[in-house]
Amino acid sequence: MKNYYLLFFLIITLNFNAQTTNCDEANSYIVNAYSHVKDAYDANNISHLKYYANRSLEAFKLSKKTLKDCGCKTALNLADKSIDLLAK
C-alpha cells in the first residue's frame, strides 16, 4: 500500500491578492513544485519517485524566498508544511 501526502490543496488554497513580479515568480515556482509532485505520484519506480520529490522540494524552497517578499503568509506557511512533508 502506498501512502503519498500530495499537496494538491496547496495549489487550490493559494490566493495571490496582488500580482507583482515577486508573486508571479512565486506562483511559477509553486506550479513547478506541484507538477513535480504529480510526476512523483505517477512514478513507476523508487528512483523516479525520489527524483521528482527532490525537484518538488527544491521548487518549494525557491518559492519561499519570493513568498516572503510577496507578503502572502498563508502560502508561506503551506510551503513550509509542504517542505516538511516532502523531506520525510
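# A tour along helix H3

Start by selecting H3, which has 25 residues and reaches 35 Å from its first C-alpha to its last, close to the 36 Å expected at 1.5 Å a residue. The model on screen is a predicted one. H3 covers residues 46–70.

Go next to Lys64, where H3 bends by about 30°. Lys64 counts as partly exposed, at 25% relative accessibility. Keep Lys64 selected and add Asp80: the two form a salt bridge, with 2.9 Å between the closest N and O atoms. How many salt bridges does the structure hold? It holds one. Asp80 lies in helix H4 (residues 73–87) and Lys64 in helix H3, so the pair ties together parts that are 16 residues apart in sequence. Asp80 is partly exposed, with a relative accessible area of 27%.

Now select Tyr51 and Tyr52. A pair of aromatic rings is described by the distance of the centres and the angle of the planes. The count of aromatic pairs comes to one. Its rings, those of Tyr51 and Tyr52, have centres 5.1 Å apart and planes at 70°; the pair is therefore edge-to-face, as planes over 60 degrees apart count as such. Tyr51 is partly exposed at 43% relative accessibility, and Tyr52 is partly exposed with a relative accessible area of 23%.

Which residues of H3 are buried? Select Leu49, Ser56, Leu57, Ala59, Phe60, Ser63, Thr66 and Leu67. An α-helix has 3.6 residues a turn, so residues three or four places apart point the same way.

From there, move to the largest nonpolar core, which is made up of twelve residues. To display it, select Ala26, Ile30, Ala33, Leu57, Ala59, Phe60, Leu67, Cys72, Ala75, Leu76, Ala79 and Ile83. Colour by element: helix H2 (21–41), H3 and H4 are the ones that give two or more residues to this core. In soluble globular proteins, nonpolar side chains tend to be buried together.

Within this core, centre the view on Leu67. Leu67 lies in helix H3. Is Leu67 buried or exposed? At 1% relative accessibility, Leu67 counts as buried, because the cut-off for that class is under 20%. Add Asp24 to the selection: the C-alpha atoms of Leu67 and Asp24 are 9.8 Å apart in space, while the two residues are 43 apart in sequence.

Finish at Gly71, just after H3, where phi is positive at about 90°.

Key. Residues are numbered from 1 along each chain as its sequence is written. This is a predicted model: local features need pLDDT of at least 70, side-chain atom pairs count only at pLDDT 80 or more; totals for chains, interfaces and linings use all residues. Side-chain values use heavy atoms; hydrogens and water are left out. A salt bridge is a side-chain nitrogen of Lys or Arg within 4 Å of a carboxyl oxygen of Asp or Glu. Helices (H or I, at least four residues) and strands (E, at least two) are DSSP runs, numbered from the N terminus. Buried means under 20% relative accessible area, exposed over 50%, partly exposed in between (1.4 Å probe, protein chains only). Rings of Phe, Tyr and Trp (its six-membered ring) pair if their centres lie within 6.5 Å; planes under 30 degrees apart count as stacked, over 60 as edge-to-face and the rest as tilted. The expected span of a helix is 1.5 Å times one less than its number of residues. The bend at a residue is the angle between axes fitted to the seven residues ending there and the seven starting there. A nonpolar core is a set of buried Ala, Val, Leu, Ile, Met, Phe, Trp, Tyr and Cys residues joined through side-chain atoms within 4.5 Å.
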